[in-house]
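Thanks, everyone. I have one structure for you today, and I will keep it brisk. Please have a look at it first.

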Amino acid sequence: MKQGGRRPLRQCVACRKRREKDRLLRIVRSVKGRIFFDPDQNREGRGAYLCPDAGCLETTRKRGLLAVSLKTSIPDGIFLELAGALKNRPHEAMGRMLGFCIKARKAVLGTQAVLEGLKRQKIGIVFISDQAAPGTRSRLNRACARASVPLAALQAAMIERSNVRVVGVLQGDFAVKLKEWI
Ligand SMILES: [Zn+2]
């Protein structure tokens, strides 16, 4: 297999473009002939790769390209799983970006800091965990509405610090990008 730079390249079965392996979805046929989606790309067997793109997924399904590549029939459930993986991707990316905002001090943590930031019009978007108390949620709801700032769901997987219930991203590029994703 050809190497591109330091990261190995693989070809999408649908569009035939070569991309870095870890940017593609991997589907595996195990030695025993089982077919499964391999999100961590570490399972043994023959692999086929696909862009994390709804168009490539649809082409693959319609034309039976996975079956061709893996030389076996493909259970329908695989396509559901792959479609789910597409849906989750923006979420993962959003989580990474939110984590980065926090590290780069482009976000404030905790209800008081966020309410204060909203009052001073410093916040571009607020994330709240479903673990937050109902009172906290309604206070933030009102404050966000007053400041015309969107309030989005904070998933546990989005940030490493699970004790954080409320994150306010400061106005700027990060907030703009995150708003596009919610
Ligand atoms: Zn593709």
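Before the sheet, one definition: two strands count as paired if DSSP finds at least two bridges between them. Also keep in mind that this is a predicted model.

So, the sheet. Which order do its strands take? An open sheet of three strands runs 5-4-6. The pairing is antiparallel. As background, strands of a sheet pair through backbone hydrogen bonds, either parallel or antiparallel.

Now the edges. Strand 5, residues 35-37, and strand 6, residues 46-50, are the edge strands. Each of them pairs on one side only. On average, neighbouring strands here are turned by 25 degrees against each other, direction ignored.

Look at one pair up close. Strand 4, residues 25-29, joins strand 5 over three bridges, in the antiparallel sense. Find Ile27: opposite this residue, in strand 5, stands Phe37.

What packs on this sheet? Helix 3 does. Helix 3 touches strand 4, strand 5 and strand 6. The direction of helix 3 makes about 10 degrees with that of strand 5.

Next, the largest nonpolar core. This core has 22 residues. Which members touch the most other members? They are Val114, Leu118, Val126, Leu140, Val167 and Val169. Several elements give two or more residues to this core, including helix 3 (76-103), helix 4 (111-119), helix 5 (134-147) and helix 6 (173-181). Strands do so as well, among them strand 7 (107-109) and strand 10 (166-170). Strand 8 gives the most, with five residues.

Let us stop at Leu118. Leaving out residues up to four places away in sequence, Leu118 touches Ile123, Ala143, Cys144, Ala147 and Val149.

There is another core, apart from that one, with 16 residues. Among them are Ile35, Leu50, Leu57 and Leu66. In soluble globular proteins, nonpolar side chains tend to be buried together.

Last stop: strand 10. Is strand 10 mostly covered or mostly open? Mostly covered: four of its five residues are buried. Which strands pair with strand 10? Strand 7 is one of them, antiparallel, over three bridges. There, Val108 has Gly168 of strand 10 as its bridge partner. Strand 8 also runs antiparallel to strand 10, and five bridges join these two. Ile123 stands opposite Leu170 of strand 10. We met Ile123 earlier, as one of the residues that Leu118 touches.

That is my tour. Over to you.

Notes. Residues numbered from 1 in each chain as written. Predicted model: local features only at pLDDT ≥ 70, side-chain atom pairs only at ≥ 80, totals over all residues. Core = buried A, V, L, I, M, F, W, Y, C linked by C-beta atoms within 7 Å. Buried ≥ 20, exposed ≤ 12 C-beta atoms within 10 Å, placed from the backbone. Contact = placed C-beta atoms within 7 Å. Axes fitted to C-alpha atoms, helices over the stretch in contact; angles between N-to-C directions.
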